[in-house]
Amino acid sequence: MPDSAPGCVPLSAETFEQLFGPRGVRGGCWCAFFRLAGPDFKAAGREGRKGHVRTEAQDGKPLRFLGIVDGEPLGWVAVPPRKDNPRLARSRVMASDEPGAVWSITCFYIHRRGRRRGLATALLRAGMDYAVEEGAEAVEGYPVSDGTHSAADLYHGTTGMFADAGFEVVEKRGPARALVRRRIPVAR
C-alpha cells in the first residue's frame with residue numbers, strides 16, 4: 001500500500017499511456033471527450049483519440065497533471081483553457097458565459113490503487129496553481145454533489161472537494177451536478 005504523499009507532474013505522452021493503459025480508460029476516451037467535438041470524437045475511435053492526446057502532449061498543449069504515488073502514475077486531472085474544450089459550450093451542465101481567460105477542470109481519473117489518498121485534492125490544487133501561473137482569470141469545475149456515487153461518476157470531482165479549494169457554487173445543474181468557479185484576484 002503506498003504511503004508517501006502524492007505528487008503532481010506535468011503530462012508526458014509516455015506517462016499518460018502508463019496511467020491509462022492500452023485501452024485508454026472509460027471506453028477508450030483517452031481524456032479527449034471534451035477536447036473533440038462530438039462527431040470528431042466518434043469518428044476518431046480509440047486509436048485516433050489516443051493519437052490526438054499524444055500529439056497534444058508532444059506539442060506542449062496544456063492538458064495537465066499526473067498524480068504520482070510512490071513513483072507510480074495513479075491519477076490525472078485535465079486543466080486546459082475553456083476554449084480548448086469545444087463540448088463545454090454545448091453542454092447543459094457545463095455551459096458558462098463567464099468572460100475572459102477561463103480555464104476548466106473537466107475530469108479526473110484516479111486508479112483504484114490511488115484512491116482515498118488525497119490524490120484528487122492534490123491534483124485539483126496543482127491544476128489551480130498552474131492555471132493561475134498561465135494567466136487564468138477564473139477556473140471552473142463541473143462536479144457531482146457530495147454523497148454516494150460510483151467511482152465512474154466521480155470523474156468530475158465532488159462539490160465538497162472544490163469548495164475546500166476555494167470554489168463557489170455558481171449554479172446547481174440538476175439534482176447531482178453544479179457549475180463551480182473560483183475567480184483569480186488580479187495582482188496590483
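**Two sheets and a shared helix**

Helix H3 lies across strands E4, E6 and E8, running at about 165° to E4. Here contact means heavy atoms within 4.5 Å, and axes are lines fitted to C-alpha atoms, for helices over the stretch in contact, with angles from 0 to 180 degrees between N-to-C directions. Helices (H or I, at least four residues) and strands (E, at least two) are DSSP runs numbered from the N terminus. The model is a predicted one, in which local features need pLDDT of at least 70 and side-chain atom pairs count only at pLDDT 80 or more, while totals for chains, interfaces and linings use all residues. Residues are numbered from 1 along each chain as its sequence is written, and side-chain values use heavy atoms, with hydrogens and water left out.

Confidence deserves a brief look before the details. The mean pLDDT (the predictor's confidence in each residue, from 0 to 100) is 84, and 93% of the residues reach 70 or more. Helix H1 (residues 13-20) has the lowest confidence, with a mean of 75, whereas strand E6 (residues 138-141) has the highest, at 96.

The sheet that contains E6 is open and has four strands in the order E4-E6-E8-E7, with mixed pairing; two strands pair if DSSP finds at least two bridges between them. E4 and E7 are the edge strands, and because each has a single partner strand, one side of each is left without a neighbour in the sheet. From one strand to the next the twist averages 25°. Within this sheet, E6 and E8 are antiparallel and share four bridges, with Gly-141 matched to Val-180 in E8. Strand E7 (residues 168-172) is likewise joined to E8 (residues 178-183) by four bridges in the antiparallel sense, and Lys-172 stands opposite Ala-178 in E8. The hairpin of E7 and E8 has five residues between its strands, and Gly-174 in this hairpin takes a positive phi near 85°.

Strand E6 also holds Glu-140, which is buried, with a relative accessible area of 0% (buried means under 20%, exposed over 50% and partly exposed in between, with a 1.4 Å probe and protein chains only). The side chains of Glu-140 and Tyr-142 form a polar contact of 3.3 Å, that is, a pair of N or O atoms within 3.5 Å; within protein, one must be able to donate a hydrogen and the other to accept it, and residues adjacent in sequence count only if both atoms are side-chain atoms. Beyond its neighbours within four places in sequence, Glu-140 is in contact with residues including Arg-82, Trp-103, Phe-167 and Arg-181.

The second sheet to be described is open, with four antiparallel strands in the order E1-E2-E3-E5. Its edges are E1 (7-10) and E5 (107-110), each paired on one side only. E1 and E2 (residues 64-69) are linked by four bridges, and Leu-66 in E2 is the bridge partner of Val-9. H3 (residues 119-133) lies across E1, E2, E3 (72-78) and E5 as well, at about 145° to E2.

The largest nonpolar core (buried Ala, Val, Leu, Ile, Met, Phe, Trp, Tyr and Cys residues joined through side-chain atoms within 4.5 Å) has 25 residues, and Ile-105, Leu-124 and Phe-167 are among those with the most contacts inside it. H3 provides the largest share of this core, seven residues. A separate core of 20 residues includes Phe-20, Ala-32, Val-53 and Ile-68.
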